[in-house]
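Welcome to the tour. Open your viewer, keep the selection panel at hand, and follow the stops below in order.

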Amino acid sequence: MNMQKIVTLLTDFGTKDTYVPQMKGVLLSLNPALKIVDISHQVAPQNIMEGAFLLKTTYSYFPPGTIHVAVVDPGVGTSRKALLVETEKYFFIGPDNGILSPTLHKETIKNIIEIKNSEYFLKNVSITFHGRDIFATVAAHLASGIKPQQFGPTCDSYVQLKFPPLLKSSPTKGEESIEACVIYTDNFGNLITNVQKNDLDLKRKYEITIDGKKIQGLSKTYFDKNKGEIVALIGSSGFLEIAIVEGSAHTQLSPTSKILISPIPAPLSL
Amino acid sequence: MNMQKIVTLLTDFGTKDTYVPQMKGVLLSLNPALKIVDISHQVAPQNIMEGAFLLKTTYSYFPPGTIHVAVVDPGVGTSRKALLVETEKYFFIGPDNGILSPTLHKETIKNIIEIKNSEYFLKNVSITFHGRDIFATVAAHLASGIKPQQFGPTCDSYVQLKFPPLLKSSPTKGEESIEACVIYTDNFGNLITNVQKNDLDLKRKYEITIDGKKIQGLSKTYFDKNKGEIVALIGSSGFLEIAIVEGSAHTQLSPTSKILISPIPAPLSL
Amino acid sequence: MNMQKIVTLLTDFGTKDTYVPQMKGVLLSLNPALKIVDISHQVAPQNIMEGAFLLKTTYSYFPPGTIHVAVVDPGVGTSRKALLVETEKYFFIGPDNGILSPTLHKETIKNIIEIKNSEYFLKNVSITFHGRDIFATVAAHLASGIKPQQFGPTCDSYVQLKFPPLLKSSPTKGEESIEACVIYTDNFGNLITNVQKNDLDLKRKYEITIDGKKIQGLSKTYFDKNKGEIVALIGSSGFLEIAIVEGSAHTQLSPTSKILISPIPAPLSL
């Protein structure tokens, strides 16, 4: 009944400036019972892919009904749409620039709404800060019981953003190798690639090549080898990661180099 | 009745150290129902003006009754006063060093109290951390219903801090130019000046000169020009900002240089 | 009855990545009424001592019953134990690698539990992220009323981590000097040493030597001397700190050098 609604915030606004607390003030002014949780505000400025990655790997840990607000919005003030998407379990609010799309691919969509009804905006919407003037107010009103359809017309598509595609190369032996790249570097300097668990056959053994170095097989933990050695493993987000034991792969390898993942041929049975 | 009170915190304590969570622990020990919202803890150490700017641009987005605690306090342990100010809508708590003053100029003041009643402090007040030992405890007691006057005697003034004054230069043509400076740099590298919307006549056209470069007219958005070009615009905080399209004005211009804002003479009607 | 339980989080996960919000999502999914407070997520990666210092100086400011979760966990996925410790006032949850031990030395321990009951874990525990898959879920279930003993068997010891010992040197005069070191550098560049208030006789006068510079006596505040001068004082955490008035001891002194604290002989009474 009187259940606290959860609103999460994901932005590239940083934590020094007051863009984020302005959004929180607006949210709490309209709905003082909200519980607000920060996903991250340190998305690299205007890096939609990074925001998309962080949202995709986090949203599903929150309780059903959570309202996820994601604002990495280089096109603010232009004609890009503002979206509210209702899925079976969650609500997502943000600019229609692809930041929501990798997440929506995993969810069952019920409604896509183009946010247009200024009745639910701050008075005097600024041209440069829709996070506060539109997205925060819509999230607060939604949490207070306004129906999604009241915010604007439904639409049937949204801008697609895909992580870089995996390239399959076909070496002479008939085995396919995968060419991958780094899509995110975490706080420990671990390099997170665009290869997901399902892209690999975990019964096979792989050789991974990055920056001229070769890694034989996947490790279970970040400490499977000796200090300073390179390990490859499926991280907690389900993506293939490259790490250095008690070190930083980010500073010790070249994160922009191509990564090659090749199945190691099974030994011939004699 | 049992409404959750909101307390905001603005400090220069950073987010690595535990000064801020110590304050939160003290607040919640005295009043477990509080809702605590961080404004910013990354004010440059001891930079009262930066703290004052961040408070002034944020406080009004919070619901009436919010208690704003602002602690940038280089004089802690000296004879500087501790203040609790009640305005028509809010409460403000902090050292009397000017950090509150630009905000108070915008509000209708009801009471200025010098915080003196040690009954509402932590036992064993430290000399170096009044944020925890005095300001947090006073905020919690205030939220619990203690009246402002119980914290100490009223006083009728407070230390004034003004943003650097705008200098008007008087060129020969009879038109006044404004000399401005940068008072804050945000996460995107945008340079926020001491010129406010009301200082300009937005029906006029202006030429803005910074670091030897000239900008003609004000833009509506950060993307009004081509990538790499300089734009000037009234930002979401109501101050004139200098930005570089998809770049950082902070790293590409000299933020300490003087900024000149000159009205462009209207063409003669022939 | 319906009291909100407080859970604090201390990690080395940083605030950019989504490890921390994933933990928060898990906590709130299991117990939506929780109040979650961040202690710090900027512990230097895998630095157990720094985490132990931050926990020890903060936990006691929170209300009795608070559940403190501390995850600096370089051994995740190895055989290190997971602990839940109940003391007279608090609960502590984290890896058994010493991070809890300086705190536990100050508390009266009631129960030490080795967390083993996977009924209270996330399904599919990852090998690399027990903060989310075990520690967060255990904290949420504990807050919901599950008894400590239900999480696993009691044990009677835990891994000890001590701050570096103070070395007493015995100069010829019969007076003992203390050799100390820096265990933490705060946001202001103040150097916090392993010397605690009780290690000194505050009725004596001391000479402190760091990086070839000598400081006579302890100051009361960070502003007891002129700008740029070095002061030594007992900080708000109860440890001896070295600071520079309106400057940064971290950048202006060598924080890795030994610190010598020598009592100054009392003048002879003639």
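Copies are superposed here by least squares on the C-alpha atoms of residues with pLDDT of at least 70 in both. Keep in mind throughout that this is a predicted model.

**Stop 1: the symmetry**

Select chain B and chain C. How large a turn lays chain B on chain C? A turn of 120° does it, with a shift of 0.0 Å along the axis and an RMSD of 0.1 Å. That is the relation of a three-fold axis. Even so, the copies use different surfaces, since 6% of the contact residues of chain B recur in chain C.

Now swap chain B for chain A. Chain A goes onto chain C with a turn of 120°, a shift of 0.0 Å along the axis and an RMSD of 0.0 Å. Here only 7% of the interface residues of chain A are also interface residues in chain C, so these copies too meet through different surfaces.

**Stop 2: chain A as a whole**

Hide the other chains for a moment and show chain A as a cartoon. You should find five helices and 15 strands in chain A. If you draw a box along the principal axes, the C-alpha atoms of chain A fill roughly 75 × 40 × 40 Å.

Colour by accessibility next: of the 270 residues in chain A, 58% are buried. A contact map is worth a look as well. Among the contacts in chain A with a separation of 6 or more, 63% are between residues 24 or more positions apart.

**Stop 3: Ile67 in chain A**

Select Ile67(A), which you will find in strand S3 (residues 67–71) of chain A. Is Ile67(A) buried or exposed? Ile67(A) counts as buried because its relative accessibility is 0%, and the cut-off for buried is under 20%.

Which residues surround it? Leaving out residues up to four places away in sequence, Ile67(A) touches Ile6(A), Val7(A), Thr8(A), Phe91(A), Ile93(A), Ala139(A), Leu142(A) and Ala143(A). Try a distance label too: from Ile67(A) to Asp96(A) is 16 Å, C-alpha to C-alpha, with their positions 29 residues apart in sequence.

**Stop 4: where chain A meets chain C**

Bring chain C back and select the residues in contact. Chain A gives 30 residues to this contact and chain C gives 31 residues. The area buried between chain A and chain C is about 2500 Å², and carbon and sulfur atoms give 58% of that area. Show Tyr61(A), Phe188(A) and Ser236(A) as sticks: together they supply 25% of the area that chain A buries against chain C, more than any other three residues.

How many salt bridges are there between chain A and chain C? The count is one. To see the salt bridge, zoom in on Lys16(C) and Glu50(A), whose side chains meet at 3.0 Å, N to O. Switch on polar contacts as well, and the count across the interface of chain A and chain C is 15 residue pairs, with both residues at pLDDT 80 or more.

Colour the side of chain A that touches chain C by element. Strand S2 (35–40), helix H2 (48–56) and strand S9 (182–185) of chain A each give two or more residues. S2(A) gives the most, with five residues. Recolouring this side of chain A by class shows 14 nonpolar, 10 polar and six charged residues.

**Stop 5: where chain B meets chain C**

Move to the contact that takes 31 residues from chain B and 30 residues from chain C. About 2500 Å² is buried between chain B and chain C, with 58% of it from carbon and sulfur atoms. Look for the salt bridge between Lys16(B) and Glu50(C), where the closest N and O atoms are 3.0 Å apart. Helix H1 (residues 19–30) of chain B gives eight residues, the largest share of the side of chain B that touches chain C. By class, that side of chain B has 14 nonpolar, 11 polar and six charged residues.

**Stop 6: Glu50 in chain B**

For the last selection, pick Glu50(B) in helix H2 (residues 48–56) of chain B. Glu50(B) is buried because its relative accessible area is 8%, with the cut-off at under 20%. Apart from residues up to four places away in sequence, Glu50(B) touches Lys16(A), Gln42(B), Val43(B), Ala44(B) and Tyr184(B).

Notes
Residues numbered from 1 in each chain as written. Chains lettered and ligands numbered in written order. Heavy atoms only, no water. Contact = heavy atoms within 4.5 Å. Buried area = accessible area lost by both parts, 1.4 Å probe. Salt bridge = Lys/Arg side-chain N within 4 Å of Asp/Glu carboxyl O. Helix = DSSP H or I, 4+ residues; strand = E, 2+ residues; numbered from the N terminus. Nonpolar A, V, L, I, M, F, W, Y, C, P; charged D, E, K, R; others polar. Polar contact = N/O pair within 3.5 Å; in protein donor to acceptor, adjacent residues only side chain to side chain. Buried < 20%, exposed > 50% of the residue type's maximum accessible area, 1.4 Å probe, protein only.
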